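Work through the exercises below with the coordinates open. Each task is followed by a solution in steps.

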Amino acid sequence: MPLKLLTWNIQAAIGTARYTDYVMRVHRQVLHTAAKTSTLETIAETIRPADLVCLQEVDLGGRRAGFRCQANAIAEQSGHAHLVIQENRVIRGISRHGNAILSRYPLSNVRDLKLPGRVPGRGCLIATVEAETRFDVACVHLSLGRRDQALQLDFLASHLPHHGRWVVMGDFNCGLHASAVEDFLQHMRAEFGHQAPPTYPSWRPQKAYDHILAGRGLALNQYLPGEEICSDHLNVTAELDFD
């Protein structure tokens with residue numbers, strides 16, 4: 001049976017649903033609200049069918065998350081038994097930014113890697129998924145600048161297995177035709193055989209920023225964007241088959 005994959009930049013459950021929300025909901029950047037609890041519940045329900053989930057922009061227990069780890073709250077409600085988290089940037093007294101991997105399968109050999117770049121605070125979380133066929137999954141959130149994206153994907157390539165059994169999911173902040181992504185796929189001898197759907201902004205998607213990539217020996221099918229607007233990004237789902 002194929003594994004169901006999902007990646008989502010959840011924007012710390014701030015719930016931006018239109019451009020004006022960046023201003024009207026700016027207080028949610030620093031304060032916890034009841035609406036965030038409801039948004040986390042919707043996120044958990046949405047990811048429940050997935051076997052393997054990568055989340056970005058998760059607050060791991062800052063003031064704006066009510067001093068509770070959002071990844072833990074989501075995993076408790078979604079029923080994913082295996083969870084690993086990565087903290088990348090702390091704004092003291094406000095937020096703890098990070099990534100998370102949730103899985104139905106045990107996770108081993110967890111690696112918390114800090115990505116290179118002009119501004120620190122970007123990370124890559126890698127773990128081995130102990131499915132019937134073992135493979136590595138990397139949860140990434142790349143920087144905005146093209147030069148940093150190239151550095152970060154080069155760095156990621158050096159930490160992925162050469163046998164090709166790997167999946168990379170996350171917010172790349174760029175499209176698949178960006179030179180950094182094309183160079184990464186060429187270096188890893190991997191291909192992307194789908195049309196990348198736009199995911200940002202979620203209420204009127206125009207940019208394909210969120211991706212699921214797989215190495216040779218693995219195949220992605222049913223590659224689709226989500227419909228739920230819980231963040232300024234849509235989620236992306238796919239089914240993973242083993243050749």
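**Exercise 1.** Classify D59 and its salt-bridge partner as buried or exposed.

Solution. Step 1: D59 has a relative accessible area of 0% and is buried (buried means under 20% relative accessible area, exposed over 50%, partly exposed in between, with a 1.4 Å probe and protein chains only). Step 2: the partner is R64, and the closest N and O atoms of the pair are 2.6 Å apart (a salt bridge is a side-chain nitrogen of Lys or Arg within 4 Å of a carboxyl oxygen of Asp or Glu). Step 3: R64 has 5% relative accessibility, so R64 counts as buried.

This is a predicted model, in which local features need pLDDT of at least 70 and side-chain atom pairs count only at pLDDT 80 or more, while totals for chains, interfaces and linings use all residues. Residues are numbered from 1 along each chain as its sequence is written, and side-chain values use heavy atoms, with hydrogens and water left out.

**Exercise 2.** Find how many salt bridges the whole structure holds, and examine the pairs D112–K114 and D21–R18.

Solution. Step 1: the search of the whole structure returns ten salt bridges. Step 2: for D112 and K114 the closest N and O atoms are 2.9 Å apart. D112 is partly exposed at 42%, and K114 is partly exposed at 41%. Step 3: R18, D21 and R25 are joined into one network by salt bridges that share partners. Step 4: within the D21–R18 pair the closest N and O atoms are 3.4 Å apart. D21 is buried at 4% relative accessibility, whereas R18 is partly exposed at 43%.

**Exercise 3.** Determine how many disulfides are present, and check C54 and C174.

Solution. Step 1: a search of the whole structure finds zero disulfides (pairs of cysteine sulfur atoms within 2.5 Å). Step 2: the cysteine sulfur nearest to that of C54 belongs to C139, 4.1 Å away. Step 3: for C174 the nearest is that of C124, at 14 Å. Step 4: C54 is buried with a relative accessible area of 0%, and C174 is buried with 7%.

**Exercise 4.** Compare the length of helix 2 with its expected span, and locate its buried residues.

Solution. Step 1: helix 2 covers residues 34-47 (helices are DSSP runs of H or I, at least four residues, numbered from the N terminus). Step 2: its 14 residues should span 20 Å at 1.5 Å a residue (1.5 Å times one less than the number of residues). Step 3: the end C-alpha atoms are 21 Å apart, which agrees. Step 4: the buried residues are K36, T39, L40, I43, A44, T46 and I47. Step 5: seen down the axis, these buried residues fall within an arc of 160°, so they line one face of helix 2 (the arc is that of the directions from the helix axis to the C-beta atoms).

Terms used:
Helices (H or I, at least four residues) and strands (E, at least two) are DSSP runs, numbered from the N terminus.
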